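Here is a short briefing to read alongside the model. Take a look at the structure first, then follow the points below by topic.

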Amino acid sequence: MSKKEITTLTLKPGREKSLLRHHPWVFSGAIARVDGNPASGESVDLVSAEGQFLARAAYSPSSQIRARVWTFNPSEQVDADFFRLRIKNAIASREPWLVNGITNAFRLIHAESDGLPGLIVDRYADTLVLQSLTAGSEYWKDTLATLLLEATGLTTIFERSDADVRELEGLAPCIGPMRGTLNIQPLIITENDLKFHVNVETGHKTGFYLDQRFNRQRVRALAEGRSVLDCFCYTGGFTVNALAGGARSVLSVDSSGDALALCRENCSLNDLPLDRQASLEGDVFQLLRKFRDEARSFDLIILDPPKFAPTAALAEKAARGYKDINLLAFKLLQPGGILVTFSCSGGIDAGFFQKIVASAALDAGVEAHIVEHLSQSPDHPVALNFPEGTYLKGLICNKL
Ligand code: SAH
């Protein structure tokens, strides 16, 4: 498309500030005028009230985020060559973090943080899983699939575009093979030399919580000789690492029986001592209370709950949930015990999370140190111009 044919979106006076800082989102309230009738996902030029070019972006007529920037460079066209380069750069940026060759499952493309709003691509061994979340990524989805195979030399892409946020973009869920044939599920991946079954068709997100890879290594390093309680264990990412690190025992808790079954299988897949692992299906909130009433204790507790606050509006309610489980966990820990606690809620920032954990310790009547701050693994980077890309935060606390 030549530049002339591109629809122009003119911003209201003064609303160009965030774009000048290279933030990639434009909200509907910032737009004064749309000259033309762009289709969902089509490229548009964003210009200031004074007519100055600001960025070239994907148009999303249904979303409050009306446009997401592809490029701030006026001479860069949004076409297959553009996406080829972005994909190449994203893949190259992961290489320094994966040089050890003991991991074959990681995030290749992390949406806005890789300059590709709405596009998530995870690699699980020889299978790519693509998640398209916005009108722009949807518009280019087929081109992107072709380019991804070209860049990786792989043949299979499975689509998992079933996240709730698609609704906000006016997009229906879309799940199924995009390219090639999916092998029988679950497939097996290697993460830090440990093997895991991953079901990319039915698993959470694209199948596995790849963002916890580095944090699982921390648990592995801390587990030796300890009795471990892995809350919200899903398919056993932390359980397997704790056992591999020499834990005396691991109790894995989740509300999903299917997840617990896969957790157990993942322990045996790695030839870990099954007599040291036990599973308990139920609600963590209730089970922690029950353990407290039974005066049980543990040396290492992991709390990795699902997202309690997807948006800032729900932060206060979510804070009560986080405080509740952290308070109970502090009570259940032996003196000298370790709490590894996370929040993946975008609506709760690291500072707020730390305050919640501090007030949990206070109300539990315990003293504790923060000994480490944790975050998402480096294949889930945060572009400096897009702080919203930060979502996973964690603390390792030592109970005195
Ligand atoms: N720690 C995991 C990821 C956790 S995802 C890993 O490293 O892979 C969150 C998990 O919490 C899911 O498996 C979900 O089934 C479980 N869950 C959600 N609410 C729960 C509750 N109230 N009690 C117990 N488990 C819950």
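**Ligand contacts**

A polar side-chain atom of arginine 216 sits 3.0 Å from an oxygen atom of the ligand. Please keep in mind that this is a predicted model. The points below start with the ligand, then turn to the domains and the salt bridges.

- In total, 15 residues surround the ligand, and the closest are Arg216, Asp254, Asp283, Val284 and Asp304.
- The side chain of aspartate 283 has an N or O atom 2.6 Å from a nitrogen atom of the ligand.
- Phenylalanine 232 uses its backbone instead: an N or O atom there lies 3.1 Å from a nitrogen atom of the ligand.

**Domains and their contact**

- The domain assignment splits the protein into domain 1 (3-71), domain 2 (80-187) and domain 3 (209-399).
- Taken over C-alpha atoms, the centres of domain 1 and domain 2 are 25 Å apart.
- Their contact draws on 15 residues from domain 1 and 16 residues from domain 2.
- Between them, domain 1 and domain 2 bury about 1100 Å², with 59% of that area on carbon and sulfur atoms.
- Which three residues supply the most of the area that domain 1 buries against domain 2? They are Gly41, Arg68 and Trp70, which together supply 50% of it.

**Polar and charged pairs across the interface**

- Domain 1 and domain 2 are joined by 2 salt bridges.
- Arginine 68 and glutamate 112 form a salt bridge through their side chains, at 3.1 Å from N to O.
- The interface of domain 1 and domain 2 also shows 6 residue pairs in polar contact, with both residues at pLDDT 80 or more.
- On the side of domain 1 that touches domain 2, the elements giving two or more residues are β5 (53-59) and β6 (65-71).
- Of these, β6 gives the most, with 5 residues.
- By class, that side of domain 1 has 7 nonpolar, 6 polar and 2 charged residues.

**Salt bridges in the whole structure**

- A search of the whole structure finds 24 salt bridges.
- One of them pairs the side chains of glutamate 76 and arginine 86, at 3.8 Å from N to O.
- Glutamate 76 is in the loop between β6 and α2 (80-94) and arginine 86 is in helix α2, so this pair ties together parts that are 10 residues apart in sequence.
- Arginine 179 and aspartate 142 form another salt bridge, with their closest N and O atoms 3.6 Å apart.
- Here arginine 179 belongs to strand β11 (residues 174-179) and aspartate 142 to helix α4 (residues 141-152), so the pair ties together parts that are 37 residues apart in sequence.

Note on methods:
Residues numbered from 1 in each chain as written. Predicted model: local features only at pLDDT ≥ 70, side-chain atom pairs only at ≥ 80, totals over all residues. Heavy atoms only, no water. Domains from an automatic or database assignment. Contact = heavy atoms within 4.5 Å. Buried area = accessible area lost by both parts, 1.4 Å probe. Salt bridge = Lys/Arg side-chain N within 4 Å of Asp/Glu carboxyl O. Polar contact = N/O pair within 3.5 Å; in protein donor to acceptor, adjacent residues only side chain to side chain. Helix = DSSP H or I, 4+ residues; strand = E, 2+ residues; numbered from the N terminus. Nonpolar A, V, L, I, M, F, W, Y, C, P; charged D, E, K, R; others polar. Near = heavy atom within 4 Å.
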